[in-house]
Structure formats: C-alpha cells, structure tokens
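Q: Could you take a close look at the place where the two domains of this protein chain meet, and show me what is found there? I am new to this, so please explain the terms as you go.

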Amino acid sequence: MSDAIEAHLRETRRVSPPADFVQHARITDRSLHDEADADFTGFWHRRALEQISWYHEPTQSLDDSNAPFYRWFADGTLNLTYNCLDRHVDGGGGKKIAYTWIGEPGDERVITYAELLADVERAASALKAHGVGKGDRVAIYLGMVPELPIAMLACARIGAIHSVIFGGFAANALADRIQDATCRLVITGDGAWRRGSIIPLKDIVDEAVADCPSVEHVLVVKRTEQDVAWHDHDTWWHDAMAAAEPRCAPEVMNAEDVLFMLYTSGTTAKPKGIVHTSGGYLLGAMLSHQWIFDIQGNDVFWCTADCGWVTGHTYVVYGPLANHTTSIIYEGTPEHPTWERHWEIVHKHKVSIYYTAPTAIRALIKAGEAAVEKYDVSSLRLLGTVGEPINPEAWVWYHEHVGGGRCPIVDTWWQTETGSTVLSPLPGLSTTKPGSAIGPLPGMKPVIVDEQGNEVAIGGGGYLTLQRPWPSMLRTIWGDDQRYIDTYWSQYGPTVYFTGDGARTDADGDIWLLGRVDDVINVAGHRISTTEIESSLVGHPAVAEAAATGADDPIKGEMIAAFVILRDGNEPTEELRKDLSAHVAADIGKFARPGLLLFAPDLPKTRSGKIMRRLLKNIAEGKELGDATTLRDPSILLAIKEDADRQLGR
Ligand code: AMP
C-alpha cells in the first residue's frame with residue numbers, strides 16, 4: 001500500500017467503541033483518570049488495597065525520598081503466587097481453567113487453577129530441595145511449555161528471583177546473562193519445538209554453564225525426547241517433581257523485594273537486567289490487564305507473546321492469573337504448520353481476546369484472508385497489539401478481517417522497564433485511530449518534550465517521557481544503579497523518566513509513537529542494540545570495523561542492516577557474507593541475524609568520530625542520502641552507496 005493511502009487511513013479512519021461493547025464494558029468514562037490526576041499516590045494506594053491480598057496491608061503508597069530509586073507500598077507484605085493461585089482456589093475457583101496449552105505438534109494440556117497451584121507448590125519444593133532460597137537467582141531457558149510459567153511461579157512462591165531468557169538466545173548471550181545475575185540454578189528443556197524442528201536447549205545450556213561457576217544445578221524438562229548429554233549437576237524436572245514435597249507454603253515477601261529480572265538491550269553491548277519488585281509490579285499487571293482488555297469472567301484470553309519477553313511475564317503469567325482469567329498458551333510460531341494455526345486455535349478454543357504483535361499481523365496479511373475466513377472467529381470481541389508501531393494498513397486489515405469490524409483494537413505501548421502498559425486506548429471509552437496508542441492509562445503522565453525538556457505543544461513531536469512514578473516501574477538495573485540513573489533519569493533530571501522513544505500528538509492530543517530515538521533496533525518487536533551487533537561482528541577475525549542500523553522491513557517493521565569493513569587480506573565474497581551472518585546468529589541468536597549485510601570501503605563518521613547511522617539507514621533503504629555536511633569526509637558516503645547499490649544490484 002502506498003504511503004499516501006497509509007497517511008489517508010491515519011488521518012481519516014476513526015472507530016468509536018461499539019454500543020454493545022460499551023454496554024458491558026468495565027470502563028466507559030474518565031472517572032479513574034480524574035481520580036488519579038487529583039491524587040495519584042492515594043489513587044494507587046486505594047487500588048493496591050482493593051486488588052491485592054496482603055499479609056500486611058501497606059500504610060505507605062509512594063516513597064520518593066530517594067528519587068529516582070522510588071519505592072511503592074514499602075511496608076506491605078504479600079506473595080505473588082498467593083494472589084495468582086491460592087486465593088482463587090480457596091475462594092472456590094480451583095476448577096476454572098488457568099491455561100489451555102497447545103503444543104506445536106498439536107498435543108494439548110488443560111490446566112485448572114487447582115492443578116496449577118499443585119504443580120507450582122511441588123516445583124517450589126523441588127527448588128528448595130536443590131538449595132534455592134529467597135533472593136537466589138534462577139535462570140529459566142525454555143520453550144513455551146507449561147513448565148515455563150510453573151517455573152516462574154515456583155520461584156515467586158519461595159522468593160527466588162527469576163530471570164527468563166528467551167529460548168532463541170545463543171550460548172554466549174545466555175552465559176552473559178547467567179553470569180551477570182550469578183544464577184544458582186538453571187531450568188531448561190531437552191529441546192524446544194520451533195517450526196517443526198528442535199532447538200537443542202540443553203546443548204546450549206551445557207555450553208553456557210561451562211563458563212558460569214555460580215550454577216550449581218540444572219533442571220531439565222523432557223519435551224522433545226531427543227538425546228542429551230548428562231552431567232553431575234543435571235536432574236530431570238520430572239524426577240525432581242516426583243521427589244518433592246507436594247506442599248510448599250508461600251514465602252512472605254516485602255512489596256519491594258525483587259520478583260524478577262529480565263534482560264533487555266540498551267545502547268551498549270552489555271544487556272541490562274531490568275529489576276522488578278513484587279507489590280507494585282503485581283498491581284500494574286492486574287489493573288492494566290483488567291482495563292485494557294476489559295476482562296470479564298468468561299473470557300478466553302490469548303496473548304501470543306513468549307515468556308522470554310516482558311509481555312509474556314505480564315500478560316501470559318501475572319496479570320491474567322491474578323485476575324483469575326483463562327488463557328491460551330501456544331508453543332509454536334504462527335506459521336507452523338501453516339498460517340492457519342492461530343485461527344484454528346481461536347475457533348476451537350473460542351478465544352475472545354487476541355493480543356499479538358504487528359509483525360505477526362503483517363505476516364498473517366501476507367498469508368491472505370482465506371486462512372482466517374476458513375474458521376469461525378466470531379468468538380473474538382477484542383483485539384490488541386504490542387511491541388512496535390502498527391502501520392494503518394495492518395490495523396485496518398486486523399479490524400476488518402480478524403475483528404469482523406466489530407472488535408475494538410487496543411494498541412498498547414509499554415516497555416520491559418515500565419512493567420505494564422502505559423499508553424493504550426480503553427476499549428469501552430476511546431475512539432481509536434489506526435496507528436495511535438491514544439493516551440495514558442489512569443495514573444500515568446506521559447509528556448512529549450523537546451531537546452531541552454520543554455513540553456511540546458499539541459500537534460508537535462519530540463521525546464516521550466513519563467513524569468509521574470508508577471507502581472510497576474523498574475527499580476534499577478541489576479548490579480548497576482549508576483547505569484539506571486544514566487540511562488533513564490539523567491536527560492531531564494531525577495523525576496523525568498526518559499523512554500528512548502519518539503512520539504507526537506495530533507490535533508486531538510492523541511499520541512502516536514515514532515520509534516526509538518537511540519541506537520536500539522526493534523526487529524519484529526524484539527529490541528536489539530546496534531552496538532551488540534557491531535561488537536559481535538568485530539569479534540570475527542575477518543572484520544576490522546562494523547556499523548549496524550535499522551532499515552525498514554515490510555513484515556518485521558525493521559531489519560538489521562550491517563556494514564562491514566574487512567581486514568586486509570579478506571575478500572568480500574558471498575561465502576564470507578554468509579559466514580558473518582552465521583557468526584552473529586551463533587553469538588547472539590538467530591533473531592539477531594542481519595537482514596542485509598554489506599561490505600563497505602569505509603564508514604561515514606562525524607568530525608568527532610561518531611558513526612552516522614542515519615545515513616547508513618538511507619543507503620540500506622535505497623533512499624536519498626540526506627544531509628551529510630557534518631561528515632569528516634562526505635565523499636566516503638557516495639563510495640559506500642555505490643558499493644552498496646552494486647552489491648544489491650540496484
Ligand atoms: P520491550 O522492552 O522489548 O518490550 O520494547 C519496548 C519498545 O518497543 C518501546 O520502547 C517501543 O520502542 C516499542 N513499542 C512497544 N509497544 C509499542 C507500541 N504499541 N507502539 C510503538 N512502539 C512500541
């Protein structure tokens with residue numbers, strides 16, 4: 001679709017909440033926003049007392065005495081699993097289905113709340129039997145099997161801190177994360193199904209833990225039945241479960257005790273362990289899940305995210321379970337065995353809320369309407385997107401072909417750091433526009449500012465900041481308080497959180513996200529830093545220098561474009577290109593493989609030696625070169641472009 005049509009859709013398409021939706025919706029007016037704006041700490045405190053089952057109710061709301069190290073509900077005590085499981089089971093809701101899990105090969109497992117509680121208690125006892133206690137770190141490196149949420153919850157039960165590492169990361173990346181958190185135990189699988197083949201998780205863990213002296217035990221979930229090497233520190237998950245005490249009382253945790261850390265890419269090669277604590281995170285997960293998805297008792301909720309990312313933490317595990325919701329978990333990717341898989345699942349399991357990434361929607365569009373039309377998806381009543389800006393064409397297709405024109409779409413903006421959704425339409429209240437995240441959830445205060453930190457006028461664009469602390473905010477970067485301050489709180493002072501995203505408002509004041517303003521690339525909704533790619537490439541013996549940038553991709557939103565200068569004596573062959581690509585995949589993970597790898601005679605640098613990635617992006621996309629006046633040697637740019645055009649046959 002042309003840019004002009006996209007722009008037309010953006011400007012003209014307005015969808016009001018359908019009357020029959022509004023009739024039953026949880027939120028249809030702005031009274032929560034108003035209450036929060038009048039007194040946001042009181043607002044969150046009242047919600048915390050209403051929503052969470054505390055052992056000791058907090059008397060404090062926000063403690064901002066040591067900003068930006070904010071604390072919430074700091075004298076309260078609770079346990080997340082009590083809130084997610086026991087209280088529902090004790091209240092007679094144990095028979096409700098917590099998860100319908102569907103394996104990639106087609107096998108299924110239905111798990112009720114009572115069954116989930118039993119599994120979590122046993123797994124928690126098993127962790128204890130392996131020496132894991134409160135405050136210890138546990139790495140979880142699994143495919144989307146039921147044991148993944150069970151392992152997360154088992155940690156939360158005993159106060160251990162989980163660090164879930166996406167199953168697509170390679171051994172080096174896994175080892176870096178395990179070492180940074182000095183994890184004591186790793187939970188993995190014999191393998192994970194992915195597009196009909198098996199990712200050898202256990203082999204990757206074996207390679208990684210060889211460099212991780214902190215790891216004492218590895219628990220291995222049997223999933224694919226493939227043979228694996230065995231070491232003294234390995235135990236089968238099922239053996240550990242069989243030997244474990246069936247009951248395990250929840251540990252009493254302080255609201256500010258760490259619940260989990262989750263690594264994400266920053267602007268340097270070293271990933272950041274984003275730290276989330278217990279009480280505030282739970283409140284953000286619960287309320288945002290209720291508000292944006294208008295959760296009702298009989299909903300079947302499907303968030304397609306992997307638990308390796310924050311969306312899986314908040315909207316596969318903690319939010320839905322704390323709200324006693326029935327969820328779907330699908331082990332595989334949407335294209336396997338065919339692009340019909342998601343629609344078949346929606347049809348069979350009568351999914352009512354479907355939440356996915358724009359990348360998946362664009363790929364589903366490519367697969368065609370016929371795939372969705374073959375199934376009855378009329379059970380759907382609400383659709384959501386997350387992870388990257390959604391282009392208007394994809395939004396309209398999603399609305400018409402999946403939502404049958406009747407389902408509101410919530411475009412939810414948030415980050416690993418925010419813990420829960422910050423900007424989103426509310427489906428019973430907001431008039432939506434294709435590509436706009438509309439505005440803040442109650443209690444949040446987004447402000448778009450210019451370089452100096454001044455708020456830009458309505459209709460203008462700039463940097464997105466959040467100017468009021470919120471309960472589910474990150475507390476720090478694991479082991480690096482200074483980096484926490486430098487990354488998020490130094491641009492505009494310790495009370496202004498810098499998101500790293502650009503945004504603008506339209507004439508109505510609605511917010512449109514414009515993508516990252518730092519050196520972070522968003523590939524299919526996954527954050528990767530340009531420096532991570534660059535340092536991997538220069539780790540190859542043939543590479544002298546490398547620069548990576550994001551470039552537009554019709555399906556993934558962005559792809560990685562890498563420019564490589566070879567060391568003397570190396571030839572720019574097709575074979576070397578493949579070798580370099582494979583090197584990045586082996587170093588970081590397949591999802592970080594450059595979509596475009598070009599050999600370059602030089603790199604465009606400013607007089608102070610900074611690589612001008614913006615110009616490289618134009619070259620990768622075949623666009624006009626743009627303003628190159630600040631370059632040390634502008635003629636280099638032309639040489640790179642000619643070389644790139646030749647390699648791309650342009
Ligand atoms: P992550 O922490 O990996 O979830 O990535 C967060 C980043 O993804 C944000 O900083 C945004 O750049 C991007 N993002 C997430 N959701 C949206 C959305 N709805 N619209 C635009 N960008 C998004």
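A: Let's start with one pair of side chains: Glu417 and Arg527 meet in a salt bridge, with 2.9 Å from N to O. A salt bridge here is a side-chain nitrogen of Lys or Arg within 4 Å of a carboxyl oxygen of Asp or Glu. Side chains of opposite charge can pair when their charged atoms come close.

Before going on, a word on the source: this is a predicted model, in which local features need pLDDT of at least 70 and side-chain atom pairs count only at pLDDT 80 or more, while totals for chains, interfaces and linings use all residues. Residues are numbered from 1 along each chain as its sequence is written, and side-chain values use heavy atoms, with hydrogens and water left out.

Now step back to the two domains. The protein chain is divided into domain 1 (3-502) and domain 2 (524-648), with bounds that come from an automatic or database domain assignment. Taken over C-alpha atoms, the centres of domain 1 and domain 2 are 32 Å apart. Domain 1 gives 24 residues to the contact and domain 2 gives 20 residues, where contact means heavy atoms within 4.5 Å.

Domain 1 and domain 2 bury about 1,500 Å² between them, and 51% of that lies on carbon and sulfur atoms. Buried area is the accessible area (1.4 Å probe) that two parts lose on being put together, summed over both.

Which interactions cross this interface? The rule finds two salt bridges between domain 1 and domain 2. It also finds nine residue pairs in polar contact, with both residues at pLDDT 80 or more. A polar contact is a pair of N or O atoms within 3.5 Å; within protein, one must be able to donate a hydrogen and the other to accept it, and residues adjacent in sequence count only if both atoms are side-chain atoms.

On the side of domain 1 that touches domain 2, helix 8 (171-180) and helix 14 (358-367) are the elements that give two or more residues. Helices (H or I, at least four residues) and strands (E, at least two) are DSSP runs, numbered from the N terminus. Helix 14 provides the largest share of this side, four residues. The residues on this side of domain 1 divide into seven nonpolar, eleven polar and six charged. For this sorting, Ala, Val, Leu, Ile, Met, Phe, Trp, Tyr, Cys and Pro count as nonpolar, Asp, Glu, Lys and Arg as charged, and the others, Gly among them, as polar.

For a wider view, the salt-bridge count comes to 44 by this rule. One of them joins the side chains of Asp37 and Arg468, at 3.2 Å from N to O. This pair links distant parts of the chain, 431 residues apart: Asp37 is in helix 3 (residues 31-38), and Arg468 is in the loop between strand 22 (461-466) and strand 23.

Strand 23 leads us to a sheet. Eight strands form an open sheet of mixed pairing, in the order 12-11-8-6-7-14-15-23; two strands pair if DSSP finds at least two bridges between them. Its edge strands, each pairing on one side only, are strand 12 (234-236) and strand 23 (476-477). Strand 23 and strand 15 (residues 272-277) run antiparallel and are joined by two bridges. There, Val275 stands opposite Thr476 of strand 23.
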